[in-house]
Protein chains: 6
Amino acid sequence: MFYFDPKLQYDVRVDVPDPRFARLLQQAIGGVEGELRVCLQYLFQAFGARGPARYRQMLLSTGTEEMGHIEMLATAVALNLEGAPGDLQDEAAQANPVVAAVMGGMDPRQYLSAGMAALAADANGVPFSGAHVYASGNLAADMYANVTAEATGRALACRLYELTDDPGMKDMLRFLIARDTMHQQQWLAVIEELGGQTGTLPIPNSFPVEEERREVSYDYVFTGMPGVEPPTGRFTAGPSLDG
Amino acid sequence: MFYFDPKLQYDVRVDVPDPRFARLLQQAIGGVEGELRVCLQYLFQAFGARGPARYRQMLLSTGTEEMGHIEMLATAVALNLEGAPGDLQDEAAQANPVVAAVMGGMDPRQYLSAGMAALAADANGVPFSGAHVYASGNLAADMYANVTAEATGRALACRLYELTDDPGMKDMLRFLIARDTMHQQQWLAVIEELGGQTGTLPIPNSFPVEEERREVSYDYVFTGMPGVEPPTGRFTAGPSLDG
Amino acid sequence: MFYFDPKLQYDVRVDVPDPRFARLLQQAIGGVEGELRVCLQYLFQAFGARGPARYRQMLLSTGTEEMGHIEMLATAVALNLEGAPGDLQDEAAQANPVVAAVMGGMDPRQYLSAGMAALAADANGVPFSGAHVYASGNLAADMYANVTAEATGRALACRLYELTDDPGMKDMLRFLIARDTMHQQQWLAVIEELGGQTGTLPIPNSFPVEEERREVSYDYVFTGMPGVEPPTGRFTAGPSLDG
Amino acid sequence: MFYFDPKLQYDVRVDVPDPRFARLLQQAIGGVEGELRVCLQYLFQAFGARGPARYRQMLLSTGTEEMGHIEMLATAVALNLEGAPGDLQDEAAQANPVVAAVMGGMDPRQYLSAGMAALAADANGVPFSGAHVYASGNLAADMYANVTAEATGRALACRLYELTDDPGMKDMLRFLIARDTMHQQQWLAVIEELGGQTGTLPIPNSFPVEEERREVSYDYVFTGMPGVEPPTGRFTAGPSLDG
Amino acid sequence: MFYFDPKLQYDVRVDVPDPRFARLLQQAIGGVEGELRVCLQYLFQAFGARGPARYRQMLLSTGTEEMGHIEMLATAVALNLEGAPGDLQDEAAQANPVVAAVMGGMDPRQYLSAGMAALAADANGVPFSGAHVYASGNLAADMYANVTAEATGRALACRLYELTDDPGMKDMLRFLIARDTMHQQQWLAVIEELGGQTGTLPIPNSFPVEEERREVSYDYVFTGMPGVEPPTGRFTAGPSLDG
Amino acid sequence: MFYFDPKLQYDVRVDVPDPRFARLLQQAIGGVEGELRVCLQYLFQAFGARGPARYRQMLLSTGTEEMGHIEMLATAVALNLEGAPGDLQDEAAQANPVVAAVMGGMDPRQYLSAGMAALAADANGVPFSGAHVYASGNLAADMYANVTAEATGRALACRLYELTDDPGMKDMLRFLIARDTMHQQQWLAVIEELGGQTGTLPIPNSFPVEEERREVSYDYVFTGMPGVEPPTGRFTAGPSLDG
Ligand SMILES: [Ca+2]
Ligand SMILES: [Ca+2]
Ligand SMILES: [Ca+2]
Ligand SMILES: [Ca+2]
Ligand SMILES: [Ca+2]
Ligand SMILES: [Ca+2]
């Protein structure tokens, strides 16, 4: 079960509210790269875990931390929607400044549906989907899924960082980016514990080798038309990665 | 921010695993009447709250409790998927009991995608959608939304109760049903604090009365064809409910 | 079965077309707070009604009225998309005024997909979902769902009212806001007929009281961390609302 | 605006309730080939119509008829869910006949979410999506879209007809199949009025011919690998269909 | 199976990158009228084809061509997102030109999620849905579905053509518009081979005529209120189209 | 651009058609772990590739191969739906064998919507979503996403392998499982080329280290309640994985 502390995990401060940035932050809340996804993904992996207890504990712990990241970002959205977004006003909209705010690039549903607050949706207002919660029942597959989530999540956070000049927002993102660094480490460390690539590949490694069509298991298939040169690289030469 | 305790809020026990019931439980996890929805709904209402701090605190508290209900139900799903579901076997499937299990009414994705664990989806495998998270920025509207969620949620739990004979599952549902009773009370108590129907209606009560087309604000419109008798009742007679 | 009259329920007039407002109106057509939802919700509740005939009749009647509201709003969208949306032109777009219109905040699909007409979608172009149609088979639960729909729907209409200066649009919204006032009354009147809170709570009230874990049915659970002060209010004290 | 008559357009009768057929009927309500789609498609085409008034009138008329088809099918679902579905009981489920019903192939959400009534969803419980409402603003394109809807809709109704032995259900489907026959005629008649294929092709026929890359406008492109024989037929030879 | 050639089917050139046009192009990639849909629709029709081999071959061929159109459009998106979109800068955004680009009407997810590339989504960022892939198993119904797809697809391409002044983009669209012309011809030619309207109607034509309620199969039903004049036209008079 | 060969990449044979297995195969076509996803994911990554040409070529090549896997699986679905599925008949359904087939665990839409063919949907009939197409513009992130897709895809194929006794189906899956083995190798080989974990972490590695809150970048945060023992492992000790 779960408990809350009304304090945020890290301070969230907005120096100059910007409703357009409030829209972009939605991607980090409800987008496929966002915190709702990692929160539920780690928790569902924990809820379904049948292996060693410490992995379940670790997943519960990090899933719970991510819930706090949703909270931070939703707070950031609300703060960015505060007050009159004067810098969005252009000639056409000056007669009605609220129109200007809604029209100037913000998500209209943050006002129309939520009264100036965050939605469980992405930067285009597409609702969060539970289909993004990966919990395959295979620990190695899940760890790669988690690395992917933290890699695309950190790429998103870095892109958001570029898109704001607000010192408060930049500071919050610096923290979230650092946590994503750690979480990439964390999931890869589990793969290392499981024996690394040689120990886990192919995933799942429980399928009997002799029932696989081994003659194509290490075969680089090139589907280019006759005359097109196949690319070369580590993926066409060298020892196999699973030993 | 949030914390976890590996203990469940209430004991979850399955006496005889039933993969078919595991499918039905999905509705209480990821369905529109389910725990994922109330959890996120109360938390997003809290994250966006601009009014008195105690409402925010109350919403955070109950949203956090609901996270624990997701955990209980996901645990119940995993337990119902344990072992050989022998009573699903029919003649055609006996040669391959796993086929029988998957074919006999369970959600195939609980095995194919999750390796015998819960999904963030409903009883038909439709993924949970963030569109079900209502946080309108209007406290009275949100309270009615929350009563609705707990009313349909309790109806669902009562229907699930009828659909199982398992003592462990019945006991868990008795607990969840009781919590839904309380939560219905809780949200209606807030409406009472806000002045009840006379104090809150029409929602939102901030819109200037004189700008509304008052001549149709209390007018029962009947769209039946000529000759069809309009129904009568409290909705066609008596004092208006907002005083 | 159903019939139509080519006249609208209430006059729809747009003085100065504004394609940006056409986008916002989509929320009232295909959004979760919109008319497509209430129309189908009331009709599906009617189609499934097994209780007293007059409730079925009432639901059919209001569902049919809402179909006319979809028609009014779709007409308003088409009118707002008429003609050259000159006030959206800025320097960069002047060479191609159509570009300006599409770029200036309108929903591009209203042109690309619909040739300047309404879509069955919300203000962000997210298609209407049948998942928003609540018809639980429990009359009290449905009435709370309907109050919620009309409360969030009226909040939406009031917000749209603020976002336009067009006299025609303001007049149409004044009418729709008034109808929402009435519909809130109407559904609450049914709850009063059913005995009010004491008569309907807990919903569903058919579940045997003795099978519920009564010791937590009226128990305010606080999930705050040690040291965090629980909020107090009507929800933590006073008689229970179901008598 | 719209009116209702509590009578159905055509009698709906179920001789032996079958909850499994109730599930299949959902496809004709909320599926892509279903009545919700054609109803909204014709109405939205009408709401956005800018051409001759009689097309708008015709679309309003047929869209309104389709609303009555939703009502018939939802009634059929409710009737199929009535009573004890005895023929679904197998050994394992006899102790709890409700379980048998829910497990035996019906849509569990028809009970869990709707209390034995129809959903705004398809035969797999996937919610109806507004994305299926085609109203392109081009009359000829819309007419082909409508023919497609009635062709796939009639194919669906014919398949449902094969899947039931119930005399009442067969009778209802005979009626709906006949209406689909008529509606196919109706939309093709409009294309004939518009000049048939020579008058309407290519759609849209307003694009200046000289701006099209005419050298590939009538060119059959074959993407088969060298050595694969291209198919021949009316589509590779003969006069072009637009004259 | 399939092969690729790194060359595009037709040259894609962007003279002046415009991130706003990159957003609009998304509709032609992942929208209901787009290339992803026709590609998968024709391929799934081919994969399920049970009739004469040459139809399967034709469907495979054109489905494969459409895959190349996705490639062309995705390339066009990437080119439109290249470089500094200077003409979007306004006063408020000049301090941070990237903000200007993202705010000025482009799809923020093309940057946030894809690092300046195309998404499998429409112009509003709504993900492509497999529900748009029609393959009914009835050849005539599928051909009408394909004509619809090419008619709305060509309408979309013509509208995009109006919305750009870029010579490269106009040239690419001229090619795609011409291919849509051909594909309309192609599917209608199959209907002609099948016997035209008299040979195919009603669809499906395998349903026994005597089991249909023939008395309403050619009956124009008008649902207007008493006093509303029914429209007249080819759809109310003249010989039936199926002979 | 693309070409096709009517031959399949690998022989698809079904010894005893089983409509229930046809439903399960849908997960491998349109599920999140399926071939539609990897096909579009690799192609969209290729279409947006801005780095070395050989990665683009490799992605095009493998994406094109995956298109052939969709074809194989859709063919397998059609073959499993052929003929009379006698072993599904039970007492109640014997009067109407088609009913038995549709009711006995198959996806009813494979018949109702597709006339006994594959859908662009998963094993529960949920349509494929373009939201599953990951192409982040960051090569390392994309490679981890691809490993995840092939790991969960191979887990799915192995689970399907357990669920069938059909020699033809087992043979086809042995081939697909082997290709997944290779593709896991292939994407990990690219990470090795990019410098392995030390060369790529943290992803993206272009963000300036000094702007990250480094004090929490390698900090294992435990959110357990006071008294709960934190788990230990490689993720709490040892050198960081990025050197
Ligand atoms: Ca995080
Ligand atoms: Ca709960
Ligand atoms: Ca209304
Ligand atoms: Ca119909
Ligand atoms: Ca095309
Ligand atoms: Ca594959």
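User: Which residues coordinate the calcium ion (ligand 1), and at what distances?

Analyst: In this predicted model, the calcium ion (ligand 1) is held by A:E35, which appears twice through OE atoms, by A:E66 through OE and by A:H69 through ND1, with distances of 2.3 to 2.8 Å. Water is not among the atoms, so sites may look incomplete, and a list of donors should be read with that caution.

User: How are the donor residues of the calcium ion (ligand 1) spaced in sequence, and which parts of chain A does the pair A:E35 and A:H69 tie together?

Analyst: The spacing of these donors reads E-x30-E-x2-H. A:E35 belongs to helix α2 (residues 35–48) of chain A and A:H69 to helix α3 (residues 53–80) of chain A, so the pair ties together parts that are 34 residues apart in sequence. A:E35 and A:H69 are both buried.

User: What coordinates the calcium ion (ligand 2)?

Analyst: Here the donors come from chain B: B:E35, again listed twice with OE atoms, B:E66 with OE and B:H69 with ND1, at 2.2 to 2.8 Å. In sequence, the donor residues of ligand 2 follow E-x30-E-x2-H. Distant parts of the chain are linked by the pair B:E35, in helix α2 (residues 35–48) of chain B, and B:E66, in helix α3 (residues 53–80) of chain B, which stand 31 residues apart. Both B:E35 and B:E66 are buried.

User: Turning to the interfaces, how much area is buried between chain B and chain C, and how many residues take part?

Analyst: The size of an interface is often given as the accessible area lost when the parts come together. Between chain B and chain C that area is about 6700 Å², with carbon and sulfur atoms giving 62% of it, and the contact draws 75 residues from chain B and 75 residues from chain C. On the chain B side, B:Q185, B:R213 and B:F235 supply 10% of the area that chain B buries against chain C, more than any other three residues.

User: Which polar interactions cross the interface of chain B and chain C, and how many salt bridges are there?

Analyst: The rule finds six salt bridges across this interface, one of which joins the side chains of B:R213 and C:D171 at 2.6 Å, N to O. It also finds 48 residue pairs in polar contact, counting pairs with both residues at pLDDT 80 or more. The elements of chain B that give two or more residues to the side touching chain C are α3, α6 (139–162) and α7 (167–193), and α7(B) contributes the largest share, 16 residues. By class, that side of chain B has 38 nonpolar, 20 polar and 17 charged residues.

User: Is C:E212 buried or exposed, and what does C:E212 touch?

Analyst: C:E212, in the segment after α8 (196–200) of chain C, counts as buried because its relative accessibility is 4%, where the cut-off is under 20%. Leaving aside residues up to four places away in sequence, C:E212 touches B:R154, B:R174, B:I177, B:A178, B:T181, C:F207 and C:S217. With C:S217 there is a side-chain to side-chain polar contact at 2.8 Å.

User: What does the interface of chain D and chain B bury, and how many salt bridges does it have?

Analyst: About 2100 Å² is buried between chain D and chain B, 61% of it from carbon and sulfur atoms, and 24 residues of chain D are in contact with 24 residues of chain B. The count of salt bridges is zero, whereas eight residue pairs are in polar contact, both residues at pLDDT 80 or more. The elements of chain D giving two or more residues to the side that touches chain B are β1 (2–4), α4 (97–103) and α5 (108–112), and by class this side has 16 nonpolar, five polar and three charged residues.

Notes:
Residues are numbered from 1 along each chain as its sequence is written. Chains are lettered from A and ligands numbered from 1 in the order in which they are written. This is a predicted model: local features need pLDDT of at least 70, side-chain atom pairs count only at pLDDT 80 or more; totals for chains, interfaces and linings use all residues. Side-chain values use heavy atoms; hydrogens and water are left out. Contact means heavy atoms within 4.5 Å. Buried area is the accessible area (1.4 Å probe) that two parts lose on being put together, summed over both. A salt bridge is a side-chain nitrogen of Lys or Arg within 4 Å of a carboxyl oxygen of Asp or Glu. A polar contact is a pair of N or O atoms within 3.5 Å; within protein, one must be able to donate a hydrogen and the other to accept it, and residues adjacent in sequence count only if both atoms are side-chain atoms. Helices (H or I, at least four residues) and strands (E, at least two) are DSSP runs, numbered from the N terminus. Ala, Val, Leu, Ile, Met, Phe, Trp, Tyr, Cys and Pro count as nonpolar, Asp, Glu, Lys and Arg as charged, and the others, Gly among them, as polar. Donors are N, O and S atoms within 2.8 Å of the metal (3.2 Å for Na, K and Ca); water is not among the atoms, so sites may look incomplete. Buried means under 20% relative accessible area, exposed over 50%, partly exposed in between (1.4 Å probe, protein chains only).
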